[in-house]
Amino acid sequence: MSMIVDPQEFHISIRVAELVASTDFYMQFLGVEPKDRTARYSTFIVPHLRLNLVLLVNDKGEALDTYSLYHLGLGVPNRAAVVESYHRAKAAGAEIVKPPRTTWRGTPLHELWLRDPTGYNLEVYARLTPEELAEMPADQEAIYLVPGTQPPAERSNG
């Protein structure tokens with residue numbers, strides 16, 4: 001039994017280092033304009049995700065602890081959507097932490113990791129189909145989905 005009766009929306013509120021830069025980043029990341037935008041916060045309502053995201057200014061002016069929030073994830077339909085998200089993020093100037101790849105250890109996923117202007121990690125992922133799971137290599141090493149994006153050491157070995 002769920003602790004919460006009939007949840008309708010997921011609300012996340014995070015402090016950011018630069019409100020304007022973070023607002024611009026999340027407008028592109030989520031594909032929506034802020035519902036509300038002030039000098040202290042920006043609110044994004046994303047109906048198809050049932051998400052209410054609020055970005056708040058850093059009142060203390062101290063460095064934000066981006067280690068505590070390991071990452072936020074956004075699921076997309078398939079491998080092609082992960083790859084297309086990479087190209088769009090790159091064109092928008094987003095920081096790419098890990099380029100698109102298929103990983104097998106843990107939960108097998110197609111994944112792309114980005115970093116927002118504050119330093120929070122964002123994972124864009126798609127779950128593997130049964131057919132894709134059947135393609136798992138014996139060594140379970142990651143497969144990079146865009147040629148030339150694997151780390152240099154792996155490029156020279158492959």
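What covers the buried residues of helix α2? The list includes β6 (95-103), β7 and β8, and the close-ups below take a look around. This is a predicted model, where local features need pLDDT of at least 70 and side-chain atom pairs count only at pLDDT 80 or more, while totals for chains, interfaces and linings use all residues. Residues are numbered from 1 along each chain as its sequence is written, and side-chain values use heavy atoms, with hydrogens and water left out.

**View 1. Here's helix α2, residues 79-91.** Helices (H or I, at least four residues) and strands (E, at least two) are DSSP runs, numbered from the N terminus. The 13 residues of α2 reach 19 Å from first C-alpha to last, close to the 18 Å expected at 1.5 Å a residue; that expected span is 1.5 Å times one less than the number of residues. A81, V82, V83, Y86 and A89 of α2 are buried, where buried means under 20% relative accessible area, exposed over 50%, and partly exposed in between (1.4 Å probe, protein chains only).

**View 2. Now look at strand β8, residues 121-127.** Five of the seven residues in β8 are buried, so to speak "mostly covered". On one side of the pairing list, β5 (residues 72-75) joins β8 in the parallel sense over four bridges, with L74 partnering V124. Strands count as paired if DSSP finds at least two bridges between them. β7 (residues 109-115) also pairs with β8, this time antiparallel over seven bridges, and L114 stands opposite L122. Five residues sit between β7 and β8 in their hairpin, and G119 in the turn has a positive phi of about 115 degrees.

**View 3. This one shows the largest pocket, with about 500 Å³ of space.** Of its 20 lining residues, Q28, F29, L30, S85 and R88 are the closest to the centre. Helix α2 supplies the largest share of the lining, five residues, while α1 (19-30), β5 and α2 each give at least two. On a 1 Å grid over the protein atoms alone, a pocket is an open set of points where a 1.4 Å probe fits, with protein on both sides within 12 Å along at least five of seven lines; lining residues have an atom within 4 Å of a point.

**View 4. Last stop: P152 in helix α4, residues 152-157.** Buried or exposed? P152 counts as exposed because its relative accessibility is 59%.

Key. Contact means heavy atoms within 4.5 Å. Grid points are joined across faces, edges and corners, and a volume is the space filled by probe spheres set on the points.
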